[in-house]
Amino acid sequence: GPSAARYGLHASMLETPRPVPFGNGTSPLTPSSAKVSLRPSSRPARPAPAAPPLAPSDVLLIFLVDSSSSASARRIAAVRGAALSILAQPYHKRTRVSIIPFKGMQAHVQLPPTSSIALASRRLDRLAPGSGSPLAHGLQLAARTAREAISSGTARRAVVLCLSDGRANIPLSASATGSIAEHTGGHGYDSWETAARVREQMRGEVLGVASELNHLRTLGVSTVMVDTESRFASVQSALAQQVAQAC
């Protein structure tokens, strides 16, 4: 249960009262001399102090991590180290973290908002690389998590930290159905024109969700895009730069 110190109590207050020396050495509080007056006191009674309410988290840090390839192992390691380090610091005791990896067909909440180091460590140990990069769905889920945390009073503000190379290759429609076969005819893209059209569709979806995140700034949600692409792949990382600008 709550400790006595939380309510302003000290151990000395809980001890058995002792006679207090008074005048000739006898205490008016001893049983032999105690007298109880039933007349109301002219001094108004002070109300008992209320227990302080549990304060909401000041900040919710949402790590949105691209774990869609073997190269994502370093991203996972970086997120794990950062999350556990933040929770271990005493001055971050009112900070919560959440981990949302995206790979395969969908993103999912691997770690719901928490300040527990033990829970974070267990959930992060299960985080492994995969294939497919549903970046749009990841951004969408991060936006929903941030909005719900603030609207419910769990956090006053939220920061989405997105670690990705911007290589989105799963459209939102495929994330909704859990299958990409219907978008590729079951045997891949039938032409360069189809592949280009789907890529442009995915680019539009990613930038559209990023724009929605930008609109959440009025609620106290900010987004940081960390481009993890190699500096030599400027063409591929262009989408990551555009997402950063849209957010």
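**Close-up views of a predicted model**

**View 1. Surroundings of Leu-239 in helix α7**. Once neighbours within four places in sequence are set aside, Leu-239 is in contact (heavy atoms within 4.5 Å) with Gly-166, Ala-168, Arg-203, Val-206 and Leu-207. The model is predicted, with local features needing a pLDDT of at least 70 and side-chain atom pairs counting only at pLDDT 80 or more, while totals for chains, interfaces and linings use all residues. Residues are numbered from 1 along each chain as its sequence is written, and side-chain values use heavy atoms, with hydrogens and water left out. Leu-239 belongs to helix α7, which covers residues 238–246; helices (H or I, at least four residues) and strands (E, at least two) are DSSP runs numbered from the N terminus. With a relative accessible area of 6%, Leu-239 is buried, where buried means under 20% relative accessible area, exposed over 50% and partly exposed in between (1.4 Å probe, protein chains only). Between the C-alpha atoms of Leu-239 and Asp-165 the distance is 8.3 Å, although 74 residues separate the two in sequence.

**View 2. Ser-164 in strand β5**. Strand β5 is made of residues 155–164, and Ser-164 is found in this strand. The relative accessible area of Ser-164 is 0%, and therefore this residue counts as buried. Beyond neighbours within four places in sequence, the contacts of Ser-164 are with Asp-66, Phe-102, Leu-135, Met-225, Val-226, Asp-227 and Thr-228. For one of these partners, Leu-135, the C-alpha atom is 8.2 Å from that of Ser-164, while the two residues are 29 apart along the chain.

**View 3. Thr-223 in strand β6**. Thr-223 has its place in strand β6, which is formed by residues 221–227. Its relative accessibility is 13%, so Thr-223 is counted as buried. If residues up to four places away in sequence are not counted, Thr-223 touches Val-160, Leu-213 and Cys-247.

**View 4. Pro-134 and His-137, in the loop between α2 and α3 and in helix α3**. Pro-134 sits in the loop between α2 and α3, whereas His-137 lies in helix α3 itself. Pro-134 counts as buried because its relative accessibility is 0%, and His-137, at 14%, is likewise counted as buried. Leaving out residues up to four places away in sequence, Pro-134 touches Phe-102, Lys-103, Gly-104, Met-105, Gln-106, Ala-107, Ile-170 and Ser-175. The C-alpha atom of Lys-103 is separated by 6.2 Å from that of Pro-134, with their positions 31 residues apart along the chain. For His-137, with neighbours within four places in sequence set aside, the contacts are with Gln-106, Ala-107, Leu-172 and Ser-175. Gln-106, Ala-107 and Ser-175 therefore appear in the lists of both Pro-134 and His-137.

**View 5. The packing of helix α1 with helix α2**. The axes of helix α1 (residues 73–88) and helix α2 (residues 117–125) come within 10 Å and cross at roughly 175°; these axes are lines fitted to C-alpha atoms, for helices over the stretch in contact, with angles from 0 to 180 degrees between N-to-C directions. The two helices, α1 and α2, are therefore roughly antiparallel to each other (under 35 degrees is roughly parallel, over 145 roughly antiparallel, 65 to 115 roughly perpendicular and the rest oblique). On the α1 side, the contact is made by Arg-80, Ala-83, Leu-84, Leu-87 and Ala-88, and on the α2 side by Ile-117, Ala-120, Ser-121, Leu-124 and Asp-125.

**View 6. The protein chain and its confidence**. The protein chain holds seven helices and six strands, and read along the sequence these follow the pattern β-α-β-β-β-α-α-β-α-α-α-β-α. Of the 247 residues in the protein chain, 36% are buried, and among contacts between residues at least 6 apart in sequence, 75% join residues at least 24 apart. The average pLDDT (the predictor's confidence in each residue, from 0 to 100) is 75 for the protein chain, with 65% of the residues scoring at least 70. Among the elements of the protein chain, the highest mean pLDDT, 95, belongs to helix α3 (residues 135–151), and the lowest, 52, to helix α5 (residues 181–184). Over residues 3–17 the pLDDT stays under 50, and the model gives this stretch six contacts beyond four places in sequence. Residues 19–23 also have a pLDDT below 50, with eight contacts in the model beyond near neighbours in sequence.
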